[in-house]
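Trainee: I'd like to learn how to read a structure I've never met before. Could you walk me through this one?

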Amino acid sequence: MASSQSAGGSSSMSRSRSGSQLPQLRCYHDEVAPVRVVKHHGPTLEKRFYGCGRWPRTCGFFKWVDEPDEVTELQFRLFEKDTEIAQLEMEKQILDEKVRRLKQTNLKIQNQVEELALENSVVREGLYSAKADKKMSLLLIFSWIFFGIIMLNQD
């Protein structure tokens, strides 16, 4: 069954004589703290409470049975926060994985851009080379024509 701290002691669920479930608390000696009933006349007459099982040499553990259990409430809040943290950690892992994939994609794209830039420079170099070859060819043709004109004029 569930175990929790309450008023300095620990608790688990057990059935009382009335059939309803009451937490079974442990005193500071880590022993089950029995449910007792106030027998003295006064405003708390017949009110139930948990007390140390080593009565009358007690460790000082005391808690009313019907008193709201602040520790259980705090434990529930802590559980909710732990759940929220776990969800946020899962979301972070998903986002980290997305970032990792995006970085890989970015690296691939950068490599492709570098390859395209290299191909572009090779193509440009080829174009410049082709232009230079064309210019050289034209220069050679004109020089032969010029040479031919000079030779015809000398005759």
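Mentor: Sure, and keep in mind that this is a predicted model. Let's begin with the outside: the accessible surface of the protein is about 13100 Å², and carbon and sulfur atoms make up 60% of that.

Trainee: How many of the residues are buried, as a percentage?

Mentor: A residue is called buried when its relative accessible area is under 20%. Here, 13% of the 155 residues fall in that group.

Trainee: Which helices and strands does the protein have, and in what pattern?

Mentor: You'll find six strands and one helix. Going along the sequence, the pattern reads β-β-β-β-β-β-α.

Trainee: How do I work out which strands pair up?

Mentor: Two strands pair when there are at least two bridges between them. Take E4 (residues 35-37) and E5 (residues 48-51): they run antiparallel, with three bridges joining them. E5 is also joined by three bridges to E6 (residues 62-64), again antiparallel.

Trainee: Which residues can I look at to see that?

Mentor: Try Tyr50 in E5, which stands opposite Val35. Tyr50 also has a bridge partner in E6, namely Lys63.

Trainee: What order do the strands take in the sheet?

Mentor: The order is E4-E5-E6, an open sheet of three strands with antiparallel pairing. E4 and E6 are at the edges with a single partner strand each, so one side of each has no neighbour in the sheet. On average, neighbouring strands of this sheet are turned by 35° against each other, ignoring direction.

Trainee: And contacts between residues far along the chain?

Mentor: Among contacts with a separation of 6 or more, 29% come from residues 24 or more positions apart.

Terms used: Residues are numbered from 1 along each chain as its sequence is written. This is a predicted model: local features need pLDDT of at least 70, side-chain atom pairs count only at pLDDT 80 or more; totals for chains, interfaces and linings use all residues. Side-chain values use heavy atoms; hydrogens and water are left out. Helices (H or I, at least four residues) and strands (E, at least two) are DSSP runs, numbered from the N terminus. Buried means under 20% relative accessible area, exposed over 50%, partly exposed in between (1.4 Å probe, protein chains only). Contact means heavy atoms within 4.5 Å. Accessible areas come from the Shrake-Rupley method with a 1.4 Å probe; for residues, only the protein chains shown count as cover. Axes are lines fitted to C-alpha atoms, for helices over the stretch in contact, and angles run from 0 to 180 degrees between N-to-C directions.
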